[in-house]
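Please read the following with the model open beside the text, turning to each region as it comes up. The account starts with a pocket, moves on to a pair of helices and ends with some points along the backbone.

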Amino acid sequence: MTMRLLCLMVLCWLAGPAQAWGTTSLVDDRGVSVTLTQSPRRIVSMLPSLTETVCALNACERLVGIDTYSNWPPAAQALPRVGGLEDANVERIVALKPDLVLLARSARVTERLEALGLKVLTLEPRSMKDMERVLGQLGRVLDREAEAKALWQQLDGDMNDIAAALPAGARGKRVYFEAGSGPYAASASSFIGETLGRLGAVNIVPGALGPFPKLNPEFVVRADPQIIMVGDRNAVALAGRPGWERIDAVKAGRICVFTPAQGDVLARPGPRMAEGARIMADCLKDKFK
């Protein structure tokens with residue numbers, strides 16, 4: 001048993017048994033105050049990171065439906081699918097009789113679900129501070145506050161350990177992380193960018209542009225990253241972009257291409273963020289041996 005796991009067990013023991021759950025109010029990412037009179041037992045999650053967080057807080061059995069893209073943990077994969085942000089199946093959601101629907105702020109279906117009398121909570125973390133906040137909010141909602149606090153401490157500690165183990169030669173490198181075709185980048189203010197910062201990398205995309213800005217490809221050429229991180233769906237397009245053959249990372253072959261499974265881990269601000277940090281750290285170590 002590791003020392004960190006032992007400490008987490010002690011922390012949960014010291015927290016004592018859960019207190020009687022009363023009316024709880026919290027402000028969601030719309031700025032709307034949401035009041036719950038009991039901890040929900042039938043939850044529909046419409047965002048993969050929220051699905052993963054509910055399960056990480058030992059409440060996976062409360063999920064009765066999930067979005068199209070939720071695929072972790074395996075225990076959630078057999079649940080009914082109710083569509084995504086753009087094509088949510090309202091009738092199927094209602095038929096599942098949820099007492100809470102978890103949604104991204106950008107979901108189009110929120111107002112319609114509320115009009116039908118369903119309780120909705122919008123949570124869409126984009127930074128590490130957001131992730132800690134959302135984890136705490138879900139901990140309150142699920143009556144898992146001690147578990148939420150312990151999980152955040154574990155994730156934060158694991159990320160510190162991963163960063164500390166990174167060789168000096170892999171630090172301080174200029175990195176371009178492509179988050180989607182367009183191209184869209186993960187800037188320094190995104191949770192991906194913050195992870196890179198903790199690993200000692202220099203993000204070529206400033207946070208002032210927003211967490212995931214759409215870039216002119218010439219921007220990347222001028223910034224001349226030493227390493228490029230990209231999902232396999234977008235990697236093929238890199239070679240055909242004008243001027244990109246002059247980029248240091250391209251000339252030296254320092255391009256890390258992530259599998260779809262790795263891409264899911266990296267793109268979801270949730271309980272697997274330390275695993276995402278390890279994927280990026282391995283990329284840096286591999287390319288700067």
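By class, how many nonpolar, polar and charged residues does the lining of the largest pocket have? In this predicted model, the lining is made up of 18 nonpolar, 10 polar and 10 charged residues. The pocket itself has a volume of about 1200 Å³, and 38 residues line it, with A179, F212, G263, A267 and R268 lying nearest its centre. Several elements each give two or more residues to this lining, namely α2 (48–56), β7 (174–180), α7 (191–198), β10 (227–231), α9 (232–238) and α11. Of these, α11 supplies the largest share, which amounts to 5 residues.

Helix α11, which spans residues 260–267, also leads to the next part of the picture, since its axis comes within 8 Å of the axis of helix α12, residues 273–287, and the two cross at roughly 120 degrees. How are two helices at such an angle to be described? An angle of 65 to 115 degrees would count as roughly perpendicular and one over 145 as roughly antiparallel, and α11 and α12 are therefore oblique to each other. The crossing of these two helices is left-handed. On the α11 side the contact is made by Q262, V265 and L266, while α12 contributes E275, G276, I279 and M280. Sorted by class, the residues in this contact are 4 nonpolar, 2 polar and 1 charged.

The remaining points concern the backbone, and they are found in loops. Which residues does a cis peptide bond join in the loop that follows β4? The bond in question joins W72 and P73, with omega at about -5 degrees, and P73 lies in the loop between β4 (63–66) and α3 (90–95). A further cis peptide bond runs from G182 to P183, where omega is near -5 degrees. P183 is placed in the loop between β7 and β8 (184–185), and β7 is also one of the elements that give two or more residues to the lining of the largest pocket.

A backbone feature of another kind appears at K97, whose phi is near 55 degrees, a positive value in a residue other than glycine. K97 is located in the loop between α3 and β5 (100–103), and α3 is also the helix that bounds the loop holding P73.

Conventions:
Residues are numbered from 1 along each chain as its sequence is written. This is a predicted model: local features need pLDDT of at least 70, side-chain atom pairs count only at pLDDT 80 or more; totals for chains, interfaces and linings use all residues. Side-chain values use heavy atoms; hydrogens and water are left out. Axes are lines fitted to C-alpha atoms, for helices over the stretch in contact, and angles run from 0 to 180 degrees between N-to-C directions. Helices (H or I, at least four residues) and strands (E, at least two) are DSSP runs, numbered from the N terminus. Angles under 35 degrees count as roughly parallel, over 145 as roughly antiparallel, 65 to 115 as roughly perpendicular and the rest as oblique. A crossing is left-handed if the near helix is turned anticlockwise from the far one by less than a right angle, and right-handed if clockwise. Contact means heavy atoms within 4.5 Å. Ala, Val, Leu, Ile, Met, Phe, Trp, Tyr, Cys and Pro count as nonpolar, Asp, Glu, Lys and Arg as charged, and the others, Gly among them, as polar. On a 1 Å grid over the protein atoms alone, a cavity is a set of points where a 1.4 Å probe fits but cannot get out, and a pocket is an open set with protein on both sides within 12 Å along at least five of seven lines; lining residues have an atom within 4 Å of a point. Grid points are joined across faces, edges and corners, and a volume is the space filled by probe spheres set on the points.
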